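This report looks at aromatic contacts and at the surroundings of a bound ligand. The sequence and the structure come first.

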Amino acid sequence: MTERGTAVVTGASSGIGAATGRALAAAGFRVVLGARRLHLVEALATEIGSQAQAYPLDVTDPISVDAFCGHIDDCRLLVNNAGGALGLDPIATADEAKWQTMYDTNVLGTLRMTRALLPLLVTSGDGHVITVGSVAAIEPYPGGAGYNAAKHAARAVMDVLRLELVGQPVRVSEVDPGLVETEFSLVRFEGDRDRAAAVYEGLTPLTAGDVAEVIAFVATRPSHVDIDQVVVRPRDQARVWLVHRDGT
Ligand code: NAP
């Protein structure tokens, strides 16, 4: 069942990206899955079956982006999901290398993938770019500056893309999740499992599947319906920094 055409999902080796690969395949897309950990995207493609393919992809490396996109002949949907945060340092002690990686992945990675696949999205006659942003794209928080800046920038890129493409058959959408329990915090805190687990302690976070369902919903509206932005967060989270935890 691939009647909806080809969807490309970046960062499909874990979390929201992997769940989105599954959800889009179930919704009738052929899915092309990319991430640096090839064995994980290959395992996911095997699990999904013949309508899935997996290739290595590092969105921070233009050569890798070119090689990945070289496997793609047609594309109706691009899900720019690859991304994440590094650290929670205040500006006073900000680590420039972490900021550069966050910008390279969340912003330039999104640019590279979108620019590379835009011709195919336009010629599909019904293209769609969905970028996984974050509530961090809307709500600054202490310690979040590097990630806030990157996600705000990615949001600006999508807003400009929508302006530049008006009149062309491509929709531009942004899905901005709050707390989702994935590898996100483990990566942010460089493998510190206790610190990562504490982020979700005493509350019910979103699952990757919850967000993937929203992405699949956005992707399967009729062609004239462009859902610009969806903010989805756990009931226990009113703002990035205002979270209810059991016992608090
Ligand atoms: P995750 O489980 O850590 O997944 C991140 C994915 O991005 C992985 O598949 C990772 O794959 C991929 N990735 C990272 N750097 C990459 C690169 N240079 N090239 C290609 N792929 C790369 O976290 P997640 O929560 O699912 O995150 C997915 C997206 O949701 C991110 O954009 C994140 O900022 C956003 N988000 C997450 C939350 C949350 O609370 N979890 C909230 C709001 C927004 P490899 O390491 O295999 O390359």
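Rings of Phe, Tyr and Trp are taken to pair if their centres lie within 6.5 Å, and planes over 60 degrees apart count as edge-to-face, those under 30 degrees as stacked and the rest as tilted. By this rule, the count for this predicted model comes to two aromatic pairs, which are set out below.

| Pair | Centre to centre | Angle between planes | Class |
|---|---|---|---|
| Tyr-55 and Phe-68 | 6.3 Å | 80° | edge-to-face |
| Tyr-147 and Phe-184 | 5.5 Å | 55° | tilted |

Tyr-55 belongs to strand β3 (residues 52–56) and Phe-68 to helix α3 (residues 62–69), so their pair ties together parts that are 13 residues apart in sequence; both Tyr-55 and Phe-68 are buried. The pair of Tyr-147, in helix α5 (residues 145–164), and Phe-184, in helix α6 (residues 184–188), ties together parts that are 37 residues apart in sequence. Tyr-147 counts as buried because its relative accessibility is 6%, whereas Phe-184, at 26%, counts as partly exposed. Elsewhere, Arg-221 lies over the face of Phe-217, at 3.8 Å from the ring centre.

Tyr-147 also appears at the ligand, which is surrounded by 30 residues, the closest being Ser-13, Ser-14, Arg-36, Tyr-147 and Thr-182. The residues of this shell divide into 12 nonpolar, 13 polar and five charged, and α1 (15–26) and α5 each supply at least two of them. Oxygen atoms of the ligand are approached by a polar side-chain atom of Arg-36 at 2.7 Å, by one of Arg-37 at 2.8 Å, and by a backbone N or O atom of Ile-16 at 2.8 Å. Of the 880 Å² of accessible area that the ligand has on its own, the protein covers 95%.

Definitions and conventions: Residues are numbered from 1 along each chain as its sequence is written. This is a predicted model: local features need pLDDT of at least 70, side-chain atom pairs count only at pLDDT 80 or more; totals for chains, interfaces and linings use all residues. Side-chain values use heavy atoms; hydrogens and water are left out. Rings of Phe, Tyr and Trp (its six-membered ring) pair if their centres lie within 6.5 Å; planes under 30 degrees apart count as stacked, over 60 as edge-to-face and the rest as tilted. Helices (H or I, at least four residues) and strands (E, at least two) are DSSP runs, numbered from the N terminus. Buried means under 20% relative accessible area, exposed over 50%, partly exposed in between (1.4 Å probe, protein chains only). A charge sits over a ring if NZ of Lys or CZ of Arg is within 6 Å of the ring centre and within 35 degrees of the ring normal. A residue is near a molecule or strand if one of its heavy atoms lies within 4 Å of it. A polar contact is a pair of N or O atoms within 3.5 Å; within protein, one must be able to donate a hydrogen and the other to accept it, and residues adjacent in sequence count only if both atoms are side-chain atoms. Accessible areas come from the Shrake-Rupley method with a 1.4 Å probe; for residues, only the protein chains shown count as cover. Ala, Val, Leu, Ile, Met, Phe, Trp, Tyr, Cys and Pro count as nonpolar, Asp, Glu, Lys and Arg as charged, and the others, Gly among them, as polar.
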